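Thanks for making time this morning. I would like to walk you through one helix and one group of aromatic rings, and then take your comments.

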Amino acid sequence: MNVVKRWRSGLGSESAAFWLFLSPWLVGLVGLTLGPMVFSLYASFTRWDGVNAPEFIGLSNFRVMFASDPDFWPSFGRTFAYAGARVALGTVLALVLAAMVNTRIPGRTFFRTVFFLPAIVTGVPLFVVWLWMFDPTAGVLNYLLGQVGIDGPDWLASSTWAIPALVLMSLTATGGAMIIFLAGLQDIPTDLREAAVVDGAGWWTRFRNVTVPLLSPVILFNVIIGLIGALQVFAEPFIMTGGGPERATYFFGLYLYNEAFSYSNVGYASALAWVQFLVIVALTAVVLRLSRRHVHYLGS
């Protein structure tokens, strides 16, 4: 009987310790994530300036958004164009860099560090450096192009080149995806590659028929993470272009921010935020659905 009591007492102390250590995370989850999400869902059905009491207006925000707001669909289109280019080019570049540093080349540790370094140098300092590099008259990019006889574009000052410029800048931050690809490459069994070599397969055949299929779960992961991040792009246009020129970089995140903090239309901005959230969830589900035939898991 005493043994059972001590056992129950031990379970009780372990349970108390479990909830004690879990409580900071629970407070953060409820107070900083779930609570604000629920309140923003309510706010999306109101007319609210963030100061006075919200006025419930039902689905009016969503009707205005889809039917008469001149910025809604164009901002979504720009965001999708940017996200598609950034994810596609970034994934390919990260895979190429990972394949390069996975070979036995001299100084590969140095190159791994160099390729990964831009991924941890983010924020305003990085954007200021790129603003200087994109300068049409004094920037280093147009200077280098001029050395080979190419008249450089206006970059961020051009409505045609603004989005390509931001995509180009984003490619320098593919170090995180490269590291994940590198881990996936090193996890591929060497005997499969050796068997392909014995069968006479060249490097491209091995890469296409052995490496890519076994790396497909990693590719899927990087595509989804990249897509979620790209569809929420905000800091780059906010700091570097302000949405210009001619609203060429007026992405959805910047549009949402302006509605909330520039125009004090917090209720409408909450509706925009929920539409953005649902679109990201839906796209992620579509990507996962389409990947069933093309993603191969080792041992399955």
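A residue is called buried here when its relative accessible area is under 20%. Please keep in mind throughout that what you see is a predicted model.

By that cut-off Phe72, with a relative accessible area of 0%, is buried, and Phe252, at 1% relative accessibility, counts as buried too. The whole structure holds 25 aromatic pairs, and Phe72 and Phe252 form one of them, arranged edge-to-face, with 5.9 Å from centre to centre and 75° between the planes. Since Phe72 belongs to helix α3 and Phe252 to helix α12, which covers residues 252–262, the pair ties together parts that are 180 residues apart in sequence.

Around that pair, which residues form one aromatic cluster? Phe72 and Phe252 are joined there by Phe66, Trp73, Phe76, Phe80, Tyr250 and Tyr255. Over the face of Tyr250, a member of this cluster, lies Arg247, at 4.4 Å from the ring centre.

Let me turn to helix α10, residues 203–230. A straight helix of its 28 residues would span 40 Å at 1.5 Å a residue, whereas α10 spans only 32 Å between its end C-alpha atoms. Where does α10 bend? The bend, of about 55°, is at Ser216, and a proline, Pro217, follows within four residues.

Ser216 is itself among the buried residues of α10, which also include Val210, Leu215, Val218, Leu220 and Ile224. As for their partners, the buried residues of this helix pack against α3, α8, α9 and α13, and α3 is the helix in which we met Phe72.

Methods
Residues are numbered from 1 along each chain as its sequence is written. This is a predicted model: local features need pLDDT of at least 70, side-chain atom pairs count only at pLDDT 80 or more; totals for chains, interfaces and linings use all residues. Side-chain values use heavy atoms; hydrogens and water are left out. Helices (H or I, at least four residues) and strands (E, at least two) are DSSP runs, numbered from the N terminus. The expected span of a helix is 1.5 Å times one less than its number of residues. The bend at a residue is the angle between axes fitted to the seven residues ending there and the seven starting there. Buried means under 20% relative accessible area, exposed over 50%, partly exposed in between (1.4 Å probe, protein chains only). Contact means heavy atoms within 4.5 Å. Rings of Phe, Tyr and Trp (its six-membered ring) pair if their centres lie within 6.5 Å; planes under 30 degrees apart count as stacked, over 60 as edge-to-face and the rest as tilted. A charge sits over a ring if NZ of Lys or CZ of Arg is within 6 Å of the ring centre and within 35 degrees of the ring normal.
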